Amino acid sequence: METSTSIILPEHVIEDILLRLPVKHLLLWKCVSKHFYALLWDEHFIKKHYHFQYAMHLADHGDVPLLADLNLVSKHGDHDVVVNITPDYERDIPPEIVDEGNRYNQRMRCIGLVNGIVCLLWGCGRLALWNPATREFKGVPRWPIMPDEAEKFSSSILGFGFDVQSNDFKILGLIRTINRNALESDYIYEFHVYSLKANSWKRIKDVPRTYLAFDLAFTDSYFNNGVHYWPAYELAYIPRNGIVSFNFSSETFKEFEPPVAAVPEETWCRLKVGKYKEGLALLVSRTSENEETCFEIWAATEFQDDNEVPSSWQLVVKVPPIYSHNTLNVCSIIGCGHLLLHICVHDDDDEEEWGDVPFADSGAYLYNLSTRTFKKLGFRFNSSFRYVESLFPLSRRLL
């Protein structure tokens, strides 16, 4: 009579196997046993799985995919792959949010992406968080009601990040009001932070005074190791550029100057904060009077003791001038050899060519730094963020 024997693998071997599996396959393990179910919701495993998947993308493809609105852009060898995930979005979005967006005829925008969680914003002010891998979707409560003395106000979302100390996803927003009780027009700046754990907003008071009118746009920002960075521009009529950072753990701001060589005095430059070789970088673009656009990438090489403010920068990429009647904006770096550009074609321009690529349409283009050629990707977008799928939950806390 034959006897069957079962092989029991050590727990660390099982965990090592699970780390290599995509989220879709891991979710099938929830019904195997209570042990596997608990493991998939364990804080340390969720973080370890995300970082392992991130490292696998870097090892296999040299970079992780970019989510440009609802288009996933990745490189597989010499091939550029674009996958539209609109069907996934339409599958997961709750009907009440769809109805509200349709009622106000507002288009959805992706304004942040951290640890596989996407932050979405509609023009009517509606916010939501979405995990495309686990199909979780969570609406964010509306902002606090404005005070009575505020005659007019405008609001904007500045950034989406992760508090590494409390394991909490947070959203930073700015409300600018005009105080009608003041003798002269007086702008009041209020910064509010939403916490996923508390599921509520609170006001913070640590506001940088130098750049009170800083133009903090999520499209030009970058989140790294619990800190969000933005380029900032003063209200005064002088071309001064700066960088503002916000620590999502301490909920405090800092401000510092970009490298002087990157942003000469009295020179207007378009700044974007991004990533280069997994480190903080500045993407600088400037257009001359003869319509030549130059791009530079400056990488932060050293930081101060707080590991937040750079103390040294190095010029790592300089793109020769590109002549164009149209507006060229560098949005992100893919690996070390390509730039993701958004090109805005002006209506009164004739079809223009650079190499073999016609700039007849506005939208996304890949620029090859080696061959100095463009490739049209076939879609338009407002923002781009690095995306790796994760198990991070929205409906339950990480303790």
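**Reading paired strands and a buried serine**

Tutor: In this predicted model, strand 1, spanning residues 66-68, pairs with strand 2 in the antiparallel sense, and the pairing runs over 3 bridges.

Student: Which residue of strand 2 stands opposite L66?

Tutor: The residue opposite L66 is V73, which lies in strand 2.

Student: How many residues lie between strand 1 and strand 2 in their hairpin?

Tutor: The hairpin of strand 1 and strand 2 has 2 residues between the strands, and D69 in that turn has a positive phi of about 55°.

Student: In what sense do strand 2 and strand 3 pair, and over how many bridges?

Tutor: Strand 2 pairs with strand 3, residues 79-84, in the antiparallel sense over 6 bridges, and one of the partnerships to look for is that of N71 with N84 in strand 3. These two strands also form a hairpin with 2 residues between them, where G77 in the turn has a positive phi of about 65°.

Student: Is strand 2 mostly covered or mostly uncovered?

Tutor: Strand 2, which comprises residues 71-76, is mostly covered, since 5 of its 6 residues are buried.

Student: Turning to a single residue, why does S285 count as buried?

Tutor: A residue is called buried when its relative accessible area is under 20%, and S285 counts as buried because its relative accessibility is 6%. S285 has its place in strand 17, residues 279-287.

Student: Which residues does S285 touch, not counting those up to four places away in sequence?

Tutor: With those sequence neighbours left out, S285 touches C269, R270, C294 and F295.

Note on methods. Residues are numbered from 1 along each chain as its sequence is written. This is a predicted model: local features need pLDDT of at least 70, side-chain atom pairs count only at pLDDT 80 or more; totals for chains, interfaces and linings use all residues. Side-chain values use heavy atoms; hydrogens and water are left out. Buried means under 20% relative accessible area, exposed over 50%, partly exposed in between (1.4 Å probe, protein chains only). Helices (H or I, at least four residues) and strands (E, at least two) are DSSP runs, numbered from the N terminus. Two strands pair if DSSP finds at least two bridges between them. Contact means heavy atoms within 4.5 Å.
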